[in-house]
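I opened this model with a notebook beside me. Here is what I looked up, in the order I went.

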Amino acid sequence: MKTIIFIGTNKSGSSREAIKAAEMLGYFTVLFTNKERQIEQRHLYVDVHEMIFIDTTNVPAMKNEIISLQSKGNEIMTIVSFIDAHVATALKLCKEFCPNDLSSIAAEVMENKAQTRILLDGLPCSPKFTTVKPGEHVDAKVIDTFNGFPLIVKSSSSTGSKDVLRASDIDQLHQHITKLHEKDPEDHVIIEEFIEGDQYLVEAIIYNKEIHIAGIIEQEITYGKRFIITGYGVLATVPRPLSEGIEEVLKSIIDKFSITHAALHLEMRLSNNKWRLIEINPRISGGAMNKMLHAAFGYNLAEETLKLYLGEKPVLEQKQSNFIFTQYVIVDKKGILERVTGKNRARKIEGVVEVYVKPKKGTLLVPPLSMGHRYAYVIARGRTMSSAKVIAKRAAKELQFHLIET
């Protein structure tokens, strides 16, 4: 049986859609998971043909399972992960059991934000930064190298905005550094300049060093205790200066990483007509991104990414061109979810593509401290970005989370 092994998945979003795409392409799908809940809810994962409960940080154990699968007649075509922490591990295992031209080294560096900053240091898109080792004190001379406050403080291994903090003064800076080092005593902390400007997300596939941009997406940020992206606008048409500037940044980055084949996404800000890199990750974005791009252009980026991992040429052929806006829903108070109302009203609004609500009754909801604390989204289509945004926001307002305060 031609088999694809996935290391980790979420219940929904791009990682799950990749498994569904593999099944539709005719492959036998195997999931390595360390989540007991997924084993308990096995019946909900009909697209997973075999689910194996395993420590996904234990590489030798996963190697044994792969050998066992091979002994049963499974022909391992590729090993992949669409989950932050497992991308490089999957690529390393793939190199051993089903060699391809995707580099695990680049993915491993990208998974460490300090190493990424160091590698890209000197590029025009790279912001000013410094790293703080565990136990190291940050003195005034270090702060003087920046253009004053605010500054961004993040852990080297942060994902989903969980450990990205804003410091407005020296006392808050020290508090954030101490907090992050207490959370992970061995992790480096990064201090970066705060960059003003509009933020964009860029989805791309690199094939034979050629850049294929899958989507350029405007982002809306909600500033609270964390930086949470609550709005995404997929540009149906991109002004040439914008696309050319992005391609120039992408080319400089893939040259630095020596990338031949890869799937990645970048978050960048356009500040004073210059592109500055906020973050880079070696995978397609999670959440509703795959569905957004499908609604905008008609292709399945998760499926095309799988083809890349299988050694095939991905094809991002636009079958349509729509402006798409996705509005995420968060809550402003803590409580146990009693019910959600307004889903049907939201779905009936003309232009709405999808309404998705994640939590079930009885779930504890909290104001966002990470991207995982976004509890619903509405995807809407429009003739212009403005119209798509109006529709999505109107529909999102129909969604009401009724909470029992705790």
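These entries go from the whole chain to single residues and then to charge pairs.

**Entry 1: ground rules.** I am working with a predicted model, so I kept in mind that local features need pLDDT of at least 70, that side-chain atom pairs count only at pLDDT 80 or more, and that totals for chains, interfaces and linings use all residues. I number residues from 1 along each chain as its sequence is written, and side-chain values use heavy atoms, with hydrogens and water left out.

**Entry 2: the whole chain.** I looked up the secondary structure and found 13 helices and 19 strands in the protein chain. These elements are DSSP runs numbered from the N terminus (helices are H or I with at least four residues, strands are E with at least two). The C-alpha atoms fill a box of roughly 60 × 50 × 50 Å along the principal axes.

I then checked the radius of gyration: the protein chain has 21 Å, which agrees with the value near 22 Å for a compact globule of 406 residues. That radius is taken over C-alpha atoms, and the globule rule is 2.2 Å times the number of residues to the power 0.38.

Of the 406 residues, 54% are buried. My cut-offs are under 20% relative accessible area for buried, over 50% for exposed, and partly exposed in between (1.4 Å probe, protein chains only). Among contacts with a separation of 6 or more, 67% come from residues 24 or more positions apart; a contact means heavy atoms within 4.5 Å.

**Entry 3: helix 1.** I stopped here for a while. In helix 1, 8 of the 11 residues are buried, so the helix is largely enclosed by the rest of the structure. The cover over its buried residues includes strand 1 (2-7), strand 2 (28-33), helix 10 (289-297) and helix 11 (301-309). After the helix comes Gly 26, with a positive phi near 95 degrees.

What is the nearest side chain of opposite charge to Glu 17? I found Lys 291 at 4.2 Å, and the buried Glu 17 has no salt bridge. Glu 17 sits in helix 1 (residues 14-24). Leaving out residues up to four places away in sequence, Glu 17 touches Asn 290, Lys 291 and Ala 302. For the record, a salt bridge is a side-chain nitrogen of Lys or Arg within 4 Å of a carboxyl oxygen of Asp or Glu.

**Entry 4: loops and backbone.** I went through some loop residues next.

- Gln 41 lies between helix 2 (36-40) and strand 3 (50-53), and counts as buried at 15% relative accessibility.
- Phe 149 and Pro 150 are joined by a cis peptide bond with omega about 5 degrees. Pro 150 is in the loop between helix 7 (140-144) and strand 6 (151-155).
- Ser 258 is not a glycine, yet its phi is positive at about 55 degrees. The residue lies in the loop between helix 9 (240-257) and strand 12 (262-271) and is exposed, with a relative accessible area of 56%.
- Asn 272 also has a positive phi, near 50 degrees. I found Asn 272 in the loop between strand 12 and strand 13 (274-281), exposed at 71% relative accessibility.

**Entry 5: salt bridges.** How many salt bridges does the structure hold? I noted 16.

Arg 117 pairs with Glu 192, with the closest N and O atoms 2.8 Å apart. This pair links distant parts of the chain, since Arg 117 is in helix 6 (residues 113-120) and Glu 192 in strand 8 (residues 189-193), 75 residues apart. Arg 117 is buried with a relative accessible area of 4%, and Glu 192 is buried at 5%.

Asp 255 forms a salt bridge with Lys 251, the closest N and O atoms being 3.2 Å apart. The two are 4 residues apart in helix 9, which means about one helical turn between them. Asp 255 is partly exposed at 47%, and Lys 251 is partly exposed at 48%.

Glu 304 bridges to Lys 307, again with closest N and O atoms 3.2 Å apart. Both lie in helix 11, 3 residues apart, about one turn of the helix. My last note is that shared partners join Arg 117, Lys 154 and Glu 192 into one salt-bridge network.

Conventions:
Lys, Arg positive; Asp, Glu negative; His and termini not counted.
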